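Biologist: I would like to go through the aromatic contacts here. Please give the reasoning along with each answer.

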Amino acid sequence: MLTDEIQLRLKEQDQIFNTEDRGFIEVEHERERTLKVTQAQLKEILPVQAAQNIFDISLNEFGPYNGLDVTRNGKNILLGGKKGHVSVINWKKKDLKTEFHAKQLIRDVKFLQNEKMFAVAQKKYLHIYDSSGIELHCMRDHQEPKLLDFLPYHYLLVSASKLGFVKYLDVSIGQVAAEIKTKRGEPLCMQQNVQNGVICVGHTTGEVTMWTPNMGSTPVVKMLTHPSAPVLSLATSRCGKYMVTTGKDSKFKVWDIRNTFQSVHTYFSPVPAVTSTFSDTGLIGLGFGNEVQVWKNAFAEKQKAPYMKYRLPNKSQVSKALFLPFEDVLGISHASGYSSIIVPGSGEANFDAFEANPFETKKQRQEAEVHNLLQKLQPETISLKVNTIGMIDDAAPDVKAKEQRELEEAQIEKLRKKDRKKNKMRGKAKIGREMGNKTHQVHEAMREKNKLQYQKEYQKTKQEQDMLENDMEFLDKIEDKFDPLESYFIQQNKPSKRQKF
Amino acid sequence: MVKVKTICRNEKEYQKQTNNDLLKVYRNPTKAILHPFQKAREYQRAMNAAKLEKIFAKPFIEAMNDHSDGVTVLAKNRYNLVDVISGSADGEIIYWNMGERKSKFIINAHHNFVRGLSFANNKALSADSIFVSSGDDKKVQIWSLQGIKAQYEKNEGLKGFKNYTPRASFLSKHLLHNIDHSYDQNLFATSGSVVQIWSYERSTPLQTFEWGVDTVTKVKFNPSETNIIASVALDRSIVLYDIRGNTALEKIAMKNRCSALCWNPYEPMNFVVGNENSNVYTFDMRKLESAKMIHKDHIQAVLDIDFAPTGREFVTASFDKTIRIFPYNDGRSREVYHTKRMQQVNAILYSMDNNFIISGSEDTNIRIWKSHAADPMKPMLPREKEKLAYNEKLKKKYKYNHEVKRILRHRHLPKFIVKKKKVKQIQKISKHKKIENIRKNNRLTDAPYIPDRKKDLDTVQD
């Protein structure tokens, strides 16, 4: 508990350090609603510098843009189109840092410690590129990666594969720190809890599981969030207390992930939301169809209507939405490009330059990288309770002794188990015996029954895959010149720099 | 109408205006959300600070090899950081300039071992520095630095000129050991088969003290009560004398012989003695019935001790070829120095600026060490200083954490010391076991509980 004196001191400090104010929308009448405010209106009201943050980039060829990420200081965004287009943009200056074609299917993209490096989950393997688009590494032990996340304080790149593995790669030494079998099939969504580094994964079973690299293949938390419906997306709040999940059952739920792991409020969306995101200040962004909704105070009390709403132009389908840190901006990547809209009050107004500095110079970036590397945290220290390090273990000595004893006994038991002879039960697997087995017969009957359905499903997925491959065939025909974004910018009469290499 | 405000930062406000400006750093320390893993990162920084201390721990500065025999004794000038003199087993005295780390004058002073050297504690501004020496040839000699300089200049053409003449030379009737100059009078005391007090002008001692004891090996004047002398003798005794009277003040005996002695300059009622049983004992001269503290860590006899000018630490030289630094109020040493080539250390000095340690050893070398092994020697920028201070604070905060403690406490030791330490530990445990068994099977009077601080003392006599 904070004492009054400390609180007073914090308040004083707050007045000295935090000089910027948060954004807001204020309506004059009670009947007026912030929901009615459109981006076009905002563009007119706001000063030119702020209004510039409302823009669209239309990129029709290589979408949908599944991969969207932003650096921790909110300066650069990384776009990854499913059909292989990767680009890094300084979104504020509309300055194209790099773009290239991976010539492969892309599932996800992620910045590493800063904008100088990023990881791309491609069709077969995980690739790491540098800021000029040169491939630095191809991680072959991360097969068919689907979702990516990065723990900046641990320098861990986390990848969830289509095969159901979650792998932690220590990018400072290039070694796999941990490998987890989720045993729940293909994961659908993954995000870290920024405050404690626990990885939350959503599954087709409707479960959300939370993982740490030191627990083997047992999750630290299992939550059945959407019974009988796959979890399509999840997001954790910046304060680490709340989580939002969206399911195929068209619900989206807010969860308390600090103590109770219970749902706080349940909301409905017209169609299942495919993406969700939390802002610095606790706004929730949801994307479904060609619409994006922003909810305010959704976990404090049950809301009746969203705070803001936005429809994408040309009925483009939303892929991913992301609140950009320290700005009142929501970035949306969709089937035909990227859109940036203004959501007043979504960003933290006062940044801390020692953590993430939107205006950092080259020298500052380099020094910060060295300092962060020096104080890199060990992967084994990740746990649900974040403050155990540096606390005193006030357990009684006999409790500690008991724990120690139990640990030793468990180890001895493990060794004993290893030595124990296996009960082989010879003759059990004889073919005649197996055919006569009752469960076997039931199983066979079921199989017969489901055969048609299985075949149908198989054909459907095969068709999809073939379509995709046909889609990708044109990639081989791409000539040396590949500049969809640059040409787009030129079209917009915006001269941009292109790095030559 | 609606009222709307968004975050809109003017980039120029957040950047430096000209190249000469300092970079602006905006902080938000009150928002905990912006600072995840604060504790864990701080712990990591503390670990790094501990490791960096080990990396930068390079205490050895220089070895100076001008003696041709083992160094037996060292003396420092209390008012001058540069003057150091050393005596060796072949009777040579060398005057060193510590600033240049070079020998200035090599003096053929005695026919045999130089046993004692002491500066006259002249003030820094006085024109001449006087020092006194004693040797196995029963000679007491008074040297003046001015006189030596004059002789040196006179004989400049002669290379290797060593036969300087002292200001005065007295012959003692008795065998001599060390010598110590008084802090405020032109007097000095010599130890030997008797304790003698000499003045500059008289060729015979002013006073002679005898307690029917064996040879007295070390005498030291008290820096505050300047008439009081402490001494240790070969018959395991520690004796206090007052030169105003004719007899000794007090005498205690220990179970083993003491071979080193030093007064604490800041708490002048306390003195430490180095024992041949490898321990160092702090005594209060007003209360000699038990030691104030036992400092254990050496594994062989302690041969010399010198206090830091601040009185917070003292440094010991030992027969086990190591130098250790003890806090004055801690039973265990803070630091241990050793090299492959250093043999038994006969003499030790703590420099008057608290930064250096000078050791003289049997291998004829005089070595200079830093008193804080990881402290940088260069002048530092304010930011460097701040960083070091922060690291120091972190180490202090996490000093009880077992991982940080393990790094900070570990010292590499020669194999023979590690082995001997293990043996000592086993001996200690078995002794303890034995006495416990005796207590179990006998009356308590057969094996009474005696505190360690009294155990090593014999009966006290007045």
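The questions below concern ring pairs and charges over rings in this predicted model.

Biologist: How many aromatic pairs are there over all chains?

Modeller: The search covers the whole structure, not a single chain. Over all chains, the number of aromatic pairs is 36.

Biologist: What is the geometry of the pair A:Phe252 and A:Trp295?

Modeller: The ring centres of A:Phe252 and A:Trp295 are 5.4 Å apart, with 65° between the planes. Planes over 60 degrees apart count as edge-to-face. The pair A:Phe252 and A:Trp295 is therefore edge-to-face.

Biologist: Which strands of chain A does that pair link?

Modeller: The two residues are 43 residues apart, so the pair links distant parts of the chain. A:Phe252 is in strand S21 and A:Trp295 in strand S25.

Biologist: Is A:Trp295 buried or exposed?

Modeller: The relative accessibility of A:Trp295 is 5%. Buried means under 20%, so A:Trp295 counts as buried.

Biologist: What kind of pair do B:Phe314 and B:Phe326 form?

Modeller: Their centres are 5.5 Å apart and their planes differ by 20°. Planes under 30 degrees apart count as stacked. B:Phe314 and B:Phe326 therefore form a pair that is stacked.

Biologist: Which residues of chain B are in the cluster with A:Phe326, A:Phe351 and A:Phe359?

Modeller: Ring pairs link these three residues of chain A into a cluster with residues of chain B. The residues from chain B are B:Tyr14 and B:Tyr26.

Biologist: Which ring lies under the charged end of A:Lys94?

Modeller: The charged end of A:Lys94 is 4.3 Å from the centre of the ring it sits over. That ring belongs to A:Phe55.

Terms used:
Residues are numbered from 1 along each chain as its sequence is written. Chains are lettered from A and ligands numbered from 1 in the order in which they are written. This is a predicted model: local features need pLDDT of at least 70, side-chain atom pairs count only at pLDDT 80 or more; totals for chains, interfaces and linings use all residues. Side-chain values use heavy atoms; hydrogens and water are left out. Rings of Phe, Tyr and Trp (its six-membered ring) pair if their centres lie within 6.5 Å; planes under 30 degrees apart count as stacked, over 60 as edge-to-face and the rest as tilted. Helices (H or I, at least four residues) and strands (E, at least two) are DSSP runs, numbered from the N terminus. Buried means under 20% relative accessible area, exposed over 50%, partly exposed in between (1.4 Å probe, protein chains only). A charge sits over a ring if NZ of Lys or CZ of Arg is within 6 Å of the ring centre and within 35 degrees of the ring normal.
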